[in-house]
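Biologist: Thanks for sitting down with me over this one. Could you walk me through how its pieces fit together?

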Amino acid sequence: MGKLKTNKRNSAASSPYAKAQTATNNVFKFNTNVGQHILKNPGVAEAIVAKANLKPSDTVLEVGPGTGNLTVRILEKAKKVIAVELDPRMAAEVTKRVQGTPAQKRLEVLLGDVIKTELPHFDVCISNTPYQISSPLVFKLLALPNPPRTSILMFQREFALRLTARPGDALYCRLSVNAQFFAKITHVMKVGKNNFKPPPQVESSVVRIEPKMGTERPGVSWDEWDGMLRICFVRRSRTMRASWLGSKEVLAMVERNYRVWCAMNDVKLDETVIGEGEEDEMEVDDGPEPAGVAEEEEWGGIMDEDEEDDTPAFFKEEAEKAARGNVEKTKSKKKKTRVAELVREKIRKVLEDVTELADKRAGKCDENDFLRLLFAFNEEGIHFA
């Protein structure tokens with residue numbers, strides 16, 4: 001009786017081992033909604049770890065280790081790895097990756113959201129960063145009492161370019177100024193989307209972040225600094241004069257803050273009424289749009305969830321009042337006082353006489369320009385926190 005011939009390819013595919021292997025390969029359905037794009041190219045993983053210049057005594061924080069492709073390479077160079085993972089399946093997978101090896105004792109896995117987790121001390125951070133937490137992660141690392149010596153972080157390409165953008169660049173924005181205020185940030189390498197599984201919709205880049213320490217970091221209040229920048233960058237291509245004197249919401253906010261400062265410092269105010277009714281918004285000539293500078297467009301990338309809303313809170317408050325139908329009542333009762341006139345003059349003085357930044361645009365200003373602006377406002381009793 002003849003033997004039944006089988007197709008070797010089909011036979012192998014139908015074997016119990018092959019089924020088990022297939023099940024293993026399909027055990028994860030990657031959740032791209034939380035940024036699960038696993039780095040699969042070993043050459044890229046090696047290059048990222050090499051850029052960190054790790055010491056044998058280093059403790060490394062890894063955010064989102066996934067299946068451990070970066071983790072095992074970091075463990076070859078460092079004393080210890082603290083891996084923070086949101087997905088319990090991934091946490092189990094990276095733990096299995098080193099189970100039964102000498103590296104097992106040098107890996108600590110923390111399950112949870114890294115932004116909400118209280119982190120132990122570490123020397124270096126390496127991360128294939130979930131895109132949705134890019135901005136919060138950067139500022140969490142930089143705000144630590146003892147920030148890491150260096151951070152090698154992978155981001156969506158456009159976010160990375162915003163981090164490293166310089167004055168005059170198309171992507172220069174409040175994020176650029178704030179991040180570079182705290183740290184020296186350099187672009188390290190580009191990483192194509194095909195190096196990930198599953199591939200993301202966009203290209204990626206790796207950046208190095210080295211925090212400024214000691215005298216390198218200006219001694220100013222973060223809340224003051226960021227509060228001022230929010231106004232400057234509401235529309236980055238407007239002149240400073242237009243941003244500050246062309247908006248009654250900004251003028252109203254500055255007046256409120258000035259009144260608080262005066263109350264705290266026992267400064268008497270002249271409350272003489274010089275007009276009644278709705279205060280007209282100042283007509284401010286924004287000047288011709290400079291060549292090569294267009295109005296900043298909304299970012300259409302997948303980082304929308306991560307990009308902070310740049311609209312200052314006081315603008316939102318005005319919008320909410322309008323929605324409730326209270327604005328007309330407020331306007332009808334509003335009285336123009338000497339205080340409002342004084343505040344307007346203080347702003348004009350800072351922009352035109354002290355800093356001479358009135359005709360400059362936020363997208364062209366560097367850190368020193370913004371520092372001069374903040375110090376000049378503070379000298380006039382104008383604060384933003």
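Biologist: Happy to start with a helix. Which residues of α7 are buried?

Modeller: Keep in mind that this is a predicted model. Helix α7 spans residues 157-164 and is mostly covered, with 6 of its 8 residues buried. Those buried positions are Arg157, Phe159, Ala160, Arg162, Leu163 and Thr164.

Biologist: And what do the buried residues of α7 pack against?

Modeller: Both helices and strands are among the partners. The helices are α6 (134-143) and α8 (174-182). The strands are β6, β7 (183-191) and β9 (204-211).

Biologist: Several of those are strands, so let's turn to the sheet. Which strands are at its edges?

Modeller: The sheet is open, has 7 strands with mixed pairing, and follows the order β4-β3-β2-β5-β6-β9-β7. On average, neighbouring strands are turned by 20° against each other, direction ignored. An edge strand pairs on one side only, and that applies to β4 (107-111) and β7.

Biologist: Is β5 mostly covered or mostly open, and how many of its residues are buried?

Modeller: Strand β5 covers residues 124-128. Val124, Ile126 and Asn128 point one way, Cys125 and Ser127 point the other way, and all are buried. The strand is mostly covered, with a buried count of 5 of its 5 residues.

Biologist: Which residue of β6 is the bridge partner of Ser127?

Modeller: On one side, β5 pairs in the parallel sense with β2 (residues 59-63) over 4 bridges, and there Leu61 has Cys125 as its partner. With β6 (residues 150-156), β5 also runs parallel, joined by 5 bridges. In β6, the partner of Ser127 is Leu153.

Biologist: Going on from β6, which residue of β9 stands opposite Ser151?

Modeller: Here β6 and β9 run antiparallel, with 6 bridges joining them. Opposite Ser151, in β9, stands Ile209.

Biologist: What about helices lying across strands: at about what angle does α5 run to β4?

Modeller: Helix α3 (residues 42-51) lies across β5, β6, β7 and β9, and runs at about 165° to β7. Helix α5 (residues 88-98) lies across β3 (80-85) and β4. Its angle to β4 is about 175°.

Biologist: One last pair: why are α14 and α15 oblique to each other?

Modeller: Helix α14 (residues 338-354) and helix α15 (residues 367-379) pack with their axes 10 Å apart, in a right-handed crossing. The contact is made by Ile347, Val350, Leu351 and Val354 of α14 with Arg372, Leu373, Ala376 and Phe377 of α15, and these divide into 7 nonpolar, no polar and 1 charged. Roughly antiparallel would need an angle over 145 degrees and roughly perpendicular 65 to 115. The pair is therefore oblique, at an angle of about 135°.

Conventions:
Residues numbered from 1 in each chain as written. Predicted model: local features only at pLDDT ≥ 70, side-chain atom pairs only at ≥ 80, totals over all residues. Heavy atoms only, no water. Axes fitted to C-alpha atoms, helices over the stretch in contact; angles between N-to-C directions. Helix = DSSP H or I, 4+ residues; strand = E, 2+ residues; numbered from the N terminus. Parallel < 35°, antiparallel > 145°, perpendicular 65-115°, else oblique. Left-handed = near helix turned anticlockwise from the far one by under 90°. Contact = heavy atoms within 4.5 Å. Nonpolar A, V, L, I, M, F, W, Y, C, P; charged D, E, K, R; others polar. Buried < 20%, exposed > 50% of the residue type's maximum accessible area, 1.4 Å probe, protein only. Pairing = 2+ DSSP bridges.
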